[in-house]
Amino acid sequence: MSVDSRGRYTPEAMGEVMPGSEGPAGSRSHNLLSPRRASLMQEPVLVLNATYEPINVTAVRRAMVLMLKGVAQAEEMHNAEVHSAAHAHKVPSVIRLLAYRHIPQQSRALSRKNILLRDRNTCQFCVRVFPSSELTLDHVVPRSRGGRSTWENLVACCYRCNNNKGDRTPEEAGLKLARKPRPFTLHTSRQLMRLIGHRDERWRKYLFY
Ligand SMILES: [Zn+2]
C-alpha cells in the first residue's frame, strides 16, 4: 500500500514497490541483525535529476544500489549508518543521478493506484481518509449515463458514499465533490514528494517548502 491505515505516505507512493516505512530515522546506528535495520533500509530517499530537479522517491536500499553502481551520488546524508561485515555505510537522504534523465511530462498511467494517490486516499464525497482497501473508484458521471473512465471523471470514493450515490450524478444524490478531479501532473508529484518528505529537513531546499 502506498498509504497506510493511519494515512501516512510511504515511498511506494512515488511508484516504487516497497513496504511502508516505520517512522523517522534519527541519529542511530543500525546493526545488520537489528530489527531496526530493515525499516531504515526502507526510509524514503529523494531522487534528483542531474539538474537537481526532484524526480522521484525511492527507498534507502535502492538508493544505495544506485550509488554503488555509480548511477547516482549522495547529496544529503542521514545521521544513521548501516553496518556490513567490514564497513559502516552512511545512509543517503537525497541522491542525484549523475546522467540527466528525460522525464516525460505526463507519464502516469490512469490506474486505480494513481487515482487514489492523486486523491490522497480521501473519499471525494465525505472527505475522510481510508486505507486503499476501503476505497473504490467512482465514476462522477455514471457509466450508464455516458460517463467515461478518465482522470476527470474518476474519483476515490468510500464504499458507503459509493452505495449512497448509486447510479446518480453528485447533484442528483445531493453530494459535493471535495475538489475537481484533474490529471496527475508534475504539480501532483511535487505535492506527494513534500508529503513523504515532511519529516526530513534535508529535502526542503530541493522541494521549496
Ligand atoms: Zn465517503
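This briefing walks through a protein chain, its zinc site, one of its pockets and several single residues. The model is predicted. The protein chain has 209 residues, and 46% of them count as buried. Its secondary structure comes to seven helices and seven strands.

**Overall layout**

- Along the sequence, the elements of the protein chain run β-α-β-β-α-β-β-α-β-β-α-α-α-α.
- The pattern opens with a strand and closes with four helices in a row.

**The zinc site**

- Four cysteines supply the protein donors of the zinc ion: Cys123, Cys126, Cys158 and Cys161.
- Each of them donates through its SG atom, and the donors lie 2.3 to 2.4 Å from the zinc ion.
- The site is tetrahedral, with angles of 102 to 116° among the four donor atoms.
- In sequence, the donor residues follow the spacing C-x2-C-x31-C-x2-C.
- Cysteine 123 sits in the loop between helix H3 (112–118) and strand E6 (135–139), while cysteine 158 belongs to strand E7 (residues 154–158), so this pair ties together parts that are 35 residues apart in sequence.
- Cysteine 123 and cysteine 158 are both buried.

**The loop between H3 and E6**

- Asparagine 121 is also found in the loop between H3 and E6.
- Its phi is near 55°, a positive value in a residue other than glycine.
- Asparagine 121 has a relative accessible area of 0%, so it counts as buried.
- Proline 131 lies in this loop between H3 and E6 as well.
- With a relative accessible area of 14%, proline 131 is buried, because the cut-off for that class is under 20%.
- Proline 131 and arginine 120 stand 11 residues apart in sequence, and their C-alpha atoms are 10.0 Å apart in space.

**The second largest pocket**

- This pocket has a volume of about 190 Å³.
- Its lining includes Arg118, Asp119 and Arg120.
- Further along the sequence, the lining includes Arg179, Lys180, Pro181, Arg182, Pro183 and Thr185.
- His187, Thr188 and Gln191 also line the second largest pocket.
- Helix H6 (residues 186–197) gives the largest share of the lining, three residues.
- By class, the lining of this pocket has six charged, four polar and two nonpolar residues.

**Serine 189 in helix H6**

- Serine 189 is placed in helix H6.
- It is buried, with a relative accessible area of 12%.
- Serine 189 and arginine 118 are 71 residues apart along the chain, yet 8.6 Å separates their C-alpha atoms.

**Helix H2 and the glycine after it**

- Helix H2 (residues 60–68) has Val60, Ala63, Met64 and Leu66 buried.
- These residues cover an arc of only 160° around the axis, which puts them on the same side of H2.
- An α-helix has 3.6 residues a turn, so residues three or four places apart point the same way.
- Glycine 70, just after H2, takes a positive phi of about 80°.

**Strand E2 and the loop that follows**

- Leucine 48 is placed in strand E2.
- With 0% relative accessibility, leucine 48 counts as buried.
- Leucine 48 and arginine 101 are 53 residues apart in sequence, while their C-alpha atoms are 9.9 Å apart in space.
- Tyrosine 52 lies in the loop between strand E2 (44–48) and strand E3 (54–59).
- Tyrosine 52 has a positive phi of about 75°, although it is not a glycine.
- Its relative accessible area is 39%, so tyrosine 52 is partly exposed.

Methods. Residues numbered from 1 in each chain as written. Predicted model: local features only at pLDDT ≥ 70, side-chain atom pairs only at ≥ 80, totals over all residues. Heavy atoms only, no water. 1 Å grid on protein atoms, 1.4 Å probe; cavity = no way out; pocket = protein on both sides within 12 Å on 5 of 7 lines; lining within 4 Å. Points joined across faces, edges and corners; volume = space filled by probe spheres on them. Helix = DSSP H or I, 4+ residues; strand = E, 2+ residues; numbered from the N terminus. Nonpolar A, V, L, I, M, F, W, Y, C, P; charged D, E, K, R; others polar. Buried < 20%, exposed > 50% of the residue type's maximum accessible area, 1.4 Å probe, protein only. Arc of directions from axis to C-beta. Donors = N, O, S within 2.8 Å, 3.2 Å for Na, K, Ca; no water. Tetrahedral: all angles 85-135°; square planar, octahedral: opposite > 155°, others 65-115°.
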